[in-house]
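Here is a walk through one model, with the cut-offs given as the terms come up. Have the viewer open while you read.

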Amino acid sequence: MKRRTSRRSFLTDVAAGAVVLPAAISRATDPPAWPPTGPASPADESYWKQVRAQFSFTEQRVPMNAANLCPSPRSVAARVEDLTRDIDRDCSSNNRAKFRTLTEASRAAVAAQLGVIPDEVALVRNTSEANNIVNNGVPLSAGDEVVVWDQNHPTNNVAWDVRAARFGITVRRVGVPRHPASAQELIDPFVAALTARTRVLAITHVSNVSGVRLPVRELVEAAHARGIHVHLDGAQSWGALDVDLRELGCDSYSASSHKWFMGPKEAGVLYVKEDRIAEIWPNIVAPGWGSDADPDVEGARKFESMGQRDDACLAAVGTTADFHGAIGGPATEARVTELATALKQGLAELGTTLVTPMEPEFSGGVCIIEVPGDRSAALRRLYEEHGIAGAGTGGLRLCPHVYNTREHVARAVEGVKALRDVILG
């Protein structure tokens with residue numbers, strides 16, 4: 001069971017002056033050694049301050065929008081820079097040959113983190129590309145149905161509509177209760193939408209527009225009992241939750257490196273279960289595929305035949321996986337849950353209305369409140385006056401991650417309190 005922390009006990013540990021922006025910008029060139037000392041524990045703030053020190057952002061501008069873009073640890077940024085410089089010094093195929101090994105090391109590290117085998121993992125460019133590989137590649141015929149969550153990202157929602165317009169399939173959208181009282185309230189609407197013609201269930205692990213977390217394993221079991229392929233958009237779970245794809249059971253999974261994974265930009269992952277790989281067609285065929293319609297590449301690698309890639313970026317995906325491995329998936333999820341819960345409790349006590357469920361079992365790290373007032377002004381002033389970078393998706397969205405501290409959460413709550421008139425209108 002995850003440890004719950006009350007908002008009062010959480011925030012009383014933070015000095016009242018924590019919301020005051022520091023006058024100086026810290027530019028530490030020699031961060032503490034990695035990995036930090038001692039076991040990762042949500043209760044040990046000294047440990048997490050060592051984690052925070054691995055990131056180069058300043059205390060004047062604190063990122064709290066992991067659902068959109070995360071900073072990378074210094075080690076990852078340095079890896080990209082060093083390898084890019086290496087290529088620029090010698091771009092010969094002789095020198096670049098080593099990147100095949102480095103890319104395979106990244107693939108193996110990501111596969112291990114997700115609980116699958118390397119042949120089931122393709123390193124693509126982002127969640128959008130991974131989603132489109134699936135919705136363009138799964139074999140469907142006119143009259144077949146695809147059931148989607150109405151909170152899916154457009155690349156796992158509208159993209160299905162585009163395919164439907166081209167090929168005569170039917171897309172059915174499912175809504176869920178805003179504040180579910182049980183997992184069954186999230187399961188029943190999807191099960192009711194499945195018919196004899198349903199071929200795909202395309203859902204999202206954690207919604208970017210509400211923060212709702214679906215009971216994926218139960219939905220997969222219901223769909224598989226009817227022979228339905230389940231595609232899971234994990235843009236808001238890879239790097240935030242302790243994801244085990246074998247346990248979840250989905251047939252395919254997509255995610256981006258630049259979000260909660262905190263990796264290099266323009267990299268992503270597509271997992272396809274081994275027995276599903278052969279039936280899904282790739283979107284792009286480029287050198288590396290082979291010489292005829294049958295791919296010569298092994299497993300899910302056929303989905304990353306895209307021509308020239310950023311070799312340094314792909315190599316640094318493995319560096320990022322190592323960074324996560326030093327903390328551990330369970331510890332990361334526990335820390336994200338602790339920060340997100342304290343943030344939601346603090347915001348609720350201010351009188352704001354949560355869009356995101358309070359309960360961790362129905363949510364992840366995405367926290368959203370309603371903004372009846374001027375959303376743009378609230379976001380701008382929260383950033384300029386309080387140094388907290390959020391987003392306006394679904395309301396006011398704040399997404400704390402392992403690089404955030406208790407002081408950051410306290411500052412965010414105090415910032416919203418100061419801007420309450422603007423936010424509530």
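## A threonine in a loop

The side chain of Thr195 gets to within 3.1 Å of the backbone nitrogen of Arg197, which counts as a polar contact (a pair of N or O atoms within 3.5 Å; within protein, one must be able to donate a hydrogen and the other to accept it, and residues adjacent in sequence count only if both atoms are side-chain atoms). This is a predicted model, so to speak of local features pLDDT must be at least 70, side-chain atom pairs count only at pLDDT 80 or more, and totals for chains, interfaces and linings use all residues. Residues are numbered from 1 along each chain as its sequence is written, and side-chain values use heavy atoms, with hydrogens and water left out.

Back to Thr195: its side chain also makes a polar contact with the side chain of Glu145, at 2.6 Å. Leaving out residues up to four places away in sequence, Thr195 touches Glu145 and Arg172, where contact means heavy atoms within 4.5 Å. Thr195 sits in the loop between helix H8 (183-193) and E5; helices (H or I, at least four residues) and strands (E, at least two) are DSSP runs, numbered from the N terminus. With 29% relative accessibility, Thr195 counts as partly exposed. The scale is this: buried is under 20% relative accessible area, exposed is over 50%, and partly exposed is in between (1.4 Å probe, protein chains only). Ala389 is 194 residues away from Thr195 along the chain, and their C-alpha atoms are separated by 43 Å.

## The sheet

Seven strands form an open sheet with mixed pairing, in the order E2-E8-E7-E6-E5-E3-E4. At the edges are strand E2 (121-124) and strand E4 (170-174), each of which pairs on one side only. Neighbouring strands here are turned by 15° against each other on average, direction ignored. Strands pair if DSSP finds at least two bridges between them.

E4 runs parallel to strand E3 (residues 145-149), and five bridges join the two. Trp149 has Val174 in E4 as its bridge partner. E5 and E6 are also parallel and joined by five bridges, with Leu232 in E6 as the bridge partner of Ile203.

Which way do the residues of E6 point? His229, His231 and Asp233 go one way, Val230 and Leu232 go the other, and all are buried. Put as a count, five of the five residues of E6 are buried. Helix H9 (residues 216-224) lies across strand E5 (198-204) and strand E6 (229-233), at about 155° to E6. Axes are lines fitted to C-alpha atoms, for helices over the stretch in contact, and angles run from 0 to 180 degrees between N-to-C directions.

## Helix H2 and its neighbours

Why is helix H2 (residues 45-52) described as largely enclosed by the rest of the structure? Because six of its eight residues are buried. They are Glu45, Tyr47, Trp48, Gln50, Val51 and Arg52, and they pack against helix H11 (311-327), helix H12 (329-349) and helix H14 (406-418).

Take H11 as the partner. Its axis and that of H2 come within 12 Å and cross at roughly 170°. That makes H2 roughly antiparallel to H11, a label for angles over 145 degrees (under 35 is roughly parallel, 65 to 115 roughly perpendicular, the rest oblique). On the H2 side Tyr47, Trp48 and Val51 meet Phe323, Ala326 and Ile327 of H11. The residues of this contact divide into six nonpolar, no polar and no charged. Ala, Val, Leu, Ile, Met, Phe, Trp, Tyr, Cys and Pro count as nonpolar, Asp, Glu, Lys and Arg as charged, and the others, Gly among them, as polar.

## Backbone oddities

Most residues other than glycine have a negative phi, and most peptide bonds are trans. Two non-glycine residues with positive phi are tabulated here.

| Residue | Phi | Loop | Relative accessibility |
|---|---|---|---|
| Met262 | near 65° | between strand E7 (252-256) and strand E8 (268-272) | 1%, buried |
| Glu266 | near 60° | between E7 and E8 | 56%, exposed |

A cis peptide bond joins Trp34 and Pro35, with omega about 5°. Pro35 is in the loop between helix H1 (7-12) and H2.
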